[in-house]
Amino acid sequence: MKTLVKNIKELVGIETTPQLRKQGKEMSRLETVKDAYLIVEDGKFAAFGPMRAENGDAYPDSIKNAKFDIEIDATDRLVFPSFCDSHTHLVYANSREMEFVDKIRGLSYEEIAKRGGGILNSAKATAAASEDELYDMAWRRLEEVMRLGTGAIEIKSGYGLTTESELKLLRVIRRLKENSPLTIKSNFLGAHGIPMEYRGHQEDYVDLVINEMIPLVAAEGLADFIDVFCDQGFFTCEDTERILDAGIKYGMRPKIHANEMAISGGVQVGVKYGAISVDHLEQMGDAEIECLKGTETMPTILPGCAFFLNLPLSPARKMVDAGLPVAMASDYNPGTSPSNNMQLILSMACIRYRLTPEEAFNATTLNTAYAMGVSNELGSIAVGKKANFYITKSIPSYEYMPYAYGENKVERIFLNGVEL
Ligand code: NIG
Ligand code: FE
């Protein structure tokens with residue numbers, strides 16, 4: 001099938017020489033074509049360019065004479081590569097708005113977790129839900145995510161915390177992968193919280209993750225990545241190293257939570273184990289920035305979590321100025337970031353973290369694609385990449401996307417070249 005999108009006011013996020021990620025000054029580079037066409041063939045981007053040659057001729061002969069199955073007129077509209085959301089906990093059973101109210105009244109996230117709320121509250125509800133129920137809820141959430149312009153998503157387990165429940169969550173993610181047009185990657189986060197019965201001897205829970213969960217998860221091929229909540233009050237660096245070691249042996253690449261509550265050593269552990277990303281990073285010192293330089297690890301910031309929990313802001317500007325790449329994802333989950341909206345993350349990247357719009361687009365598309373291991377096929381508009389893109393409503397410029405925060409600017413969505 002061949003589709004032509006013509007008269008695009010501006011085609012944004014193209015790459016003529018595709019890169020796997022952008023770092024430091026490169027993050028300011030956002031290639032665009034004004035008054036453009038885009039051709040999609042068999043689910044992939046096939047060609048793009050200006051509608052008119054410099055001599056004023058209407059598009060190239062190859063297009064003038066070609067036959068298309070579908071022609072779309074995008075006059076006054078911009079076209080972007082879909083967002084990639086590289087950090088979510090989208091499969092969960094219950095919302096947690098009562099804890100949200102407790103937090104307004106003064107309790108901290110850590111205090112709620114200590115008394116058995118938080119992640120353990122979600123784990124209780126997850127245990128009670130059937131695989132089908134979890135699947136239906138997750139499917140509806142995925143539909144909404146897709147409508148807002150996201151085309152690829154990483155989803156973690158971690159609300160199970162027993163072997164049975166963790167497997168149930170991962171099987172739900174597998175079914176989502178099989179049935180959804182979104183590109184999905186799964187991440188095994190058995191070490192997300194410490195179940196009550198393991199308090200005081202959490203190394204026994206770590207043993208369970210290593211000796212029972214990881215081999216079973218691997219036997220069913222359920223996880224692309226392995227994650228640990230490496231932070232103060234949760235899993236220690238030593239716990240994390242043991243779990244990552246075990247996961248790597250079974251072919252799962254690390255992608256971890258670090259430095260949300262404290263400078264916990266998590267960034268260093270992630271780098272040491274070749275993590276594809278270290279995520280959160282609300283607490284960062286110079287040593288953490290230094291340690292990420294020259295590595296394969298993508299520092300990933302979760303603006304929704306910092307916003308929702310009123311946490312300090314990760315020093316994104318400082319990291320980019322130090323030459324690092326930065327990715328920004330939603331962290332969509334019921335406890336610390338109940339928003340599925342990558343358009344909002346794009347706005348926060350500019351408003352709260354002082355990234356320029358160009359940097360913010362790279363942080364939410366190409367660099368998040370890298371952080372979930374798919375930037376060779378997604379994250380920009382490049383010939384041969386999967387045709388995941390959206391057409392905006394009539395808007396004045398690409399800067400309007402982060403500027404008009406809270407407004408849905410996406411009008412039409414295409415995944416694998418097909419309009420949905
Ligand atoms: O990424 N920080 C750890 N995990 C999630 C929150 C989990 C929850 O509170 O349900 C996060 O923010
Ligand atoms: Fe998270």
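## Starting from the ligand

A nitrogen atom of ligand 1 sits 2.7 Å from an N or O atom in the side chain of Glu260. Before we go on, note that this is a predicted model, in which local features need pLDDT of at least 70 and side-chain atom pairs count only at pLDDT 80 or more, while totals for chains, interfaces and linings use all residues. Residues are numbered from 1 along each chain as its sequence is written, chains are lettered from A and ligands numbered from 1 in the order in which they are written, and side-chain values use heavy atoms, with hydrogens and water left out.

Let's stay with the ligand for a moment. Two of its oxygen atoms contacts are worth finding on screen: a polar side-chain atom of His257 is 3.0 Å from an oxygen atom of ligand 1, and a polar side-chain atom of Asp331 is 2.8 Å from an oxygen atom of ligand 1. On its own, ligand 1 exposes 330 Å², and the protein buries 100% of that; accessible areas come from the Shrake-Rupley method with a 1.4 Å probe, and for residues only the protein chains shown count as cover. There are 15 residues around the ligand, and Tyr109, Tyr159, His192, Glu260 and Thr336 come nearest (a residue is near a molecule or strand if one of its heavy atoms lies within 4 Å of it).

From Glu260 you can step to His280, since a polar contact of 3.2 Å joins their side chains. A polar contact is a pair of N or O atoms within 3.5 Å; within protein, one must be able to donate a hydrogen and the other to accept it, and residues adjacent in sequence count only if both atoms are side-chain atoms. His280 belongs to strand β11 (residues 277-280); helices (H or I, at least four residues) and strands (E, at least two) are DSSP runs, numbered from the N terminus. With a relative accessible area of 2%, His280 is buried, where buried means under 20% relative accessible area, exposed over 50%, and partly exposed in between (1.4 Å probe, protein chains only). Leaving aside neighbours within four places in sequence, its contacts include His257 and Asp331; contact means heavy atoms within 4.5 Å.

Next, visit Glu166 in helix α6 (residues 163-179), which is buried at 0% relative accessibility. Its side chain makes a polar contact of 2.6 Å with the side chain of Ser157, and one of its polar side-chain atoms lies 3.2 Å from the backbone nitrogen of Gly158.

Now zoom out. The protein is divided into domain 1 (2-82 + 380-419) and domain 2 (83-371), with bounds from an automatic or database domain assignment. Their C-alpha centres lie 31 Å apart, and the contact takes 33 residues from domain 1 and 36 residues from domain 2. Ser380 is in the loop between α15 (366-371) and β14 (389-394), and its side chain makes polar contacts with those of Glu15 (2.7 Å) and Lys385 (2.8 Å).

What about the nonpolar packing? A nonpolar core is a set of buried Ala, Val, Leu, Ile, Met, Phe, Trp, Tyr and Cys residues joined through side-chain atoms within 4.5 Å. In the largest one, of 103 residues, Leu90, Val91, Leu176, Phe188, Ile243 and Met328 touch the most other members. Helix α7 (residues 202-219) gives the most to this core, with eight residues, and each of the two domains supplies at least three. A second, separate core of 18 residues includes Leu11, Leu38, Ala387 and Ile391.
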